[in-house]
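Here is a short walk through a two-chain model, with the sequence and coordinates alongside. Have a look at both before reading on.

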Amino acid sequence: MINQQFLSSFNLRRVLIAILWPSFISAGIALTAFYVWVDPLMIANVFGLPITERIDMYSISFLFLWGQAILASIFCLIFVAPTHHLNPNKRDFDD
Amino acid sequence: MTSAQPIELYRKREKIYPRAVSGIFARFRITGVLVLLGIFYGLPWLPWPMFADQQRQAVLFDLPNRKFYLFEWVFWPQDFLFLSGLLILCALALFFFTALAGRLWCGYACPQTVWTEVFMWIENWIEGTRIQQIKRDKAPMSSEKFWRKSAKHAVWLILSLHTGYTFVGYFTPLDVLTHETLTATLGPWELFWILFYGFATYGNAGWMREQVCLYMCPYARFQSAMFDAETLIISYDEARGEPRKRGRNANDDPPGDCVNCQLCVQVCPTGIDIRDGLQYECIGCAACIDACDEVMEKVDKPKGLIRYTTESVLQGKPSRIMRPRIYVYTVLLVVLVSVLGFGLANRIPLELDIIRDRNALFREASNGYLENVYTVRVMNMEERDHTYTLNVDGELDFFINGKNTSIDIQVPAGEVASRAISLQVDPYTLTRSNYEIFISITSQSNAELTRREPARFLGPDDF
């Protein structure tokens with residue numbers, strides 16, 4: 001799926017960092033910005049979640065946002081990698 | 001994928017073994033580490049008020065109740081402005097110090113540096129010096145290697161777990177947390193965050209180290225924007241040092257002061273050679289200065305072949321550290337600190353919201369008076385009970401909830417009270433359909449605790 005030559009120019013940790021870390025920061029910022037104005041229990045109530053503790057809602061929301069952002073990071077990595085290995089006859093401008 | 005040969009999917013990372021160093025900057029850093037970690041591990045245990053019967057944790061970010069306790073203050077989500085101000089202040093201070101003397105933050109105060117330093121103390125204590133560590137890592141597994149490695153990771157893990165535990169203690173009161181830990185009744189999320197933060201500490205300080213600075217830190221990438229030719233940076237004095245001596249029989253003429261002992265490279269926690277010039281990997285820890293000064297002393301040369309200096313000075317120009325940039329940052333910092341300090345000193349821990357009844361603009365009461373209905377929400381942000389007096393003023397004579405000219409509202413400590421109030425006026429005193437009125441509340445025990453909010457009183461168009 002992802003060009004192996006591209007991946008092998010980094011070490012594994014760096015790839016994991018690129019996926020996990022920016023998404024962690026974004027999720028943290030989004031969570032703070034959102035819950036400063038909104039009571040987490042209200043959200044739980046709106047979605048009918050059986051949650052009575054705010055700390056649970058904070059944690060679940062954070063993991064949800066982080067997961068979303070991880071997804072974005074993975075897509076980002078896939079799209080940024082060169083694609084000529086998928087069709088060797090056609091060259092990208094940037095490969 | 002036709003070849004059967006194994007494909008290296010990722011590049012290997014080469015481990016850096018920084019050599020231990022002693023000297024004035026190392027002492028600065030050790031002091032910094034001890035003070036900062038002392039604050040981090042100690043602060044949540046501090047009770048407040050310090051000498052009183054009724055105590056709470058001095059610093060507690062009580063997320064479940066959406067209140068931040070900071071010594072004397074209790075902040076609510078409504079005080080978000082202070083938090084933003086504080087963050088802007090931190091950013092400005094970072095700009096200021098970076099423009100002045102490079103990455104002081106990275107070298108002495110960043111949590112990554114602080115915990116890595118402690119983790120390396122543990123590593124050196126259990127695994128020995130740099131040379132011993134390199135040798136042992138290359139050697140095959142032996143019982144000695146096994147127990148030393150296990151012991152190191154065990155100590156690292158204990159410290160990491162304690163760090164995670166302390167971190168969660170900033171959000172859940174530590175006495176509750178300790179009780180729950182001892183009775184094994186920790187909540188699932190508390191346990192999760194202790195392990196998560198502990199694992200992050202173990203991973204970042206034990207395994208990732210300089211890679212956090214190289215690959216994870218955004219500041220490392222944009223700090224150069226705050227540098228200029230007058231910024232104090234750690235640099236190698238090329239004019240004095242070159243040509244370096246190579247081997248025992250170096251016959252370069254005339255030789256520079258650098259004896260090419262490689263110590264500056266060995267002590268570098270990010271594995272760079274400072275003699276190549278300013279690099280983004282340099283975290284400004286000044287370990288190379290300490291190492292080089294020691295060598296210069298031994299070879300009877302003046303210290304400071306590697307030192308804090310500016311680009312201008314290295315080019316033979318006069319140094320001008322106090323420059324417009326520094327003045328501007330200083331003024332901005334002073335202004336912001338004053339504004340925040342003033343705001344904090346004059347903060348009134350009381351909020352008043354007035355919501356008009358949406359169903360009816362006005363109605364005629366049974367006594368013939370014209371009535372408007374409101375909901376008032378009183379937020380007592382202080383840690384003690386208050387009784388507030390509610391008054392209404394405007395061009396008209398109002399009666400509140402019947403025949404009163406004022407009413408009392410009791411709000412327990414740190415709670416929010418909502419009350420429906422009705423305002424009545426004699427319809428014959430009205431001269432127009434729309435009046436601006438002011439509803440105010442004042443604490444009966446402290447007249448400085450007062451809020452006054454505008455509202456509208458509406459009547460018929462055809463009076």
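How many bridges join β4(B) to strand β5 of chain B, and do these strands run parallel or antiparallel? Three bridges link β4(B) to β5 (residues 73–75), and the two strands run antiparallel. Keep in mind throughout that this is a predicted model.

## Two hairpins in a row

Let's stay with β4(B) for a moment. In the pairing with β5(B), Leu70(B) has Trp73(B) as its bridge partner. The hairpin made by β4(B) and β5(B) has two residues between the strands, and Phe71(B) takes a positive phi there, near 50°.

β4 (residues 67–70) of chain B also pairs with β3 (residues 59–62) of chain B, through four bridges and again in an antiparallel arrangement. Here Phe61(B) is matched with Phe68(B) in β4(B). β3(B) and β4(B) form a hairpin too, with four residues between them. In that turn, Arg66(B) has a positive phi of about 55°.

## The four-stranded sheet

Further along chain B, four strands make an open sheet, ordered β13-β11-β15-β16, with antiparallel pairing. At the edges sit β13 (406–411) and β16 (450–458), each of which pairs on one side only. On average, neighbouring strands of this sheet are turned by 25° against each other, direction ignored.

Inside the sheet, β11 (residues 386–393) and β15 (residues 434–443) of chain B run antiparallel and are joined by six bridges. One spot to click on is Val392(B), whose bridge partner in β15(B) is Ile439(B).

## Helices α6 and α8 of chain B

Two packed helices are described by the angle between their axes and the distance between the axes. For α6 (residues 143–169) and α8 (residues 188–208) of chain B, the axes come within 7 Å and cross at roughly 130°. An angle over 145° would count as roughly antiparallel, and 65 to 115° as roughly perpendicular, so α6(B) and α8(B) are oblique to each other. The crossing of α6(B) past α8(B) is right-handed.

What does the contact look like residue by residue? The α6(B) side includes Trp156(B), Leu157(B), Leu161(B), Tyr165(B) and Phe167(B). Among the α8(B) residues they meet as a group are Trp193(B), Ile194(B), Leu195(B), Tyr197(B) and Tyr202(B). Gly164(B) in α6(B) and Gly198(B) and Gly206(B) in α8(B) are part of the contact as well. Sorted by class, the contact has 11 nonpolar, six polar and one charged residues.

## Where chain B touches chain A

The contact between the chains takes 17 residues from chain B and 19 residues from chain A. On the chain B side, α8 and α9 (210–216) each supply at least two residues. So α8 turns up twice in this report: in the packing with α6(B) and on the side of chain B that touches chain A. By class, that side of chain B has 12 nonpolar, one polar and four charged residues.

## Backbone oddities

Chain B has a couple of cis peptide bonds worth checking on screen. The bond from Trp48(B) to Pro49(B) is cis, with omega near -10°; Pro49(B) lies in the loop between β1 (47–48) and β2 (56–57). The bond from Glu242(B) to Pro243(B) is also cis, with omega near -10°, and Pro243(B) is in the loop between α11 (238–241) and α12 (263–266).

Ala184(B) has a phi near 55°, a positive value in a residue other than glycine. This alanine, Ala184(B), is found in the loop between α7 (174–182) and α8 of chain B.

## The chains as a whole

Chain A has four helices and zero strands, following the pattern α-α-α-α along the sequence. Its radius of gyration is 19 Å, well over the 12 Å that the globule rule gives for 95 residues, so chain A is more spread out than a compact globule. The C-alpha trace of chain A spans about 55 × 25 × 20 Å along its principal axes.

Chain B holds 15 helices and 16 strands. With a radius of gyration of 33 Å, well over the 23 Å from the globule rule for 463 residues, chain B is therefore also more spread out than a compact globule. Along the principal axes, the C-alpha atoms of chain B fill a box of roughly 110 × 65 × 60 Å.

Technical notes. Residues are numbered from 1 along each chain as its sequence is written. Chains are lettered from A and ligands numbered from 1 in the order in which they are written. This is a predicted model: local features need pLDDT of at least 70, side-chain atom pairs count only at pLDDT 80 or more; totals for chains, interfaces and linings use all residues. Axes are lines fitted to C-alpha atoms, for helices over the stretch in contact, and angles run from 0 to 180 degrees between N-to-C directions. Angles under 35 degrees count as roughly parallel, over 145 as roughly antiparallel, 65 to 115 as roughly perpendicular and the rest as oblique. A crossing is left-handed if the near helix is turned anticlockwise from the far one by less than a right angle, and right-handed if clockwise. Two residues are in contact if their C-beta atoms, placed from the backbone, lie within 7 Å. Ala, Val, Leu, Ile, Met, Phe, Trp, Tyr, Cys and Pro count as nonpolar, Asp, Glu, Lys and Arg as charged, and the others, Gly among them, as polar. Two strands pair if DSSP finds at least two bridges between them. The radius of gyration is taken over C-alpha atoms; the globule rule is 2.2 Å times the number of residues to the power 0.38.
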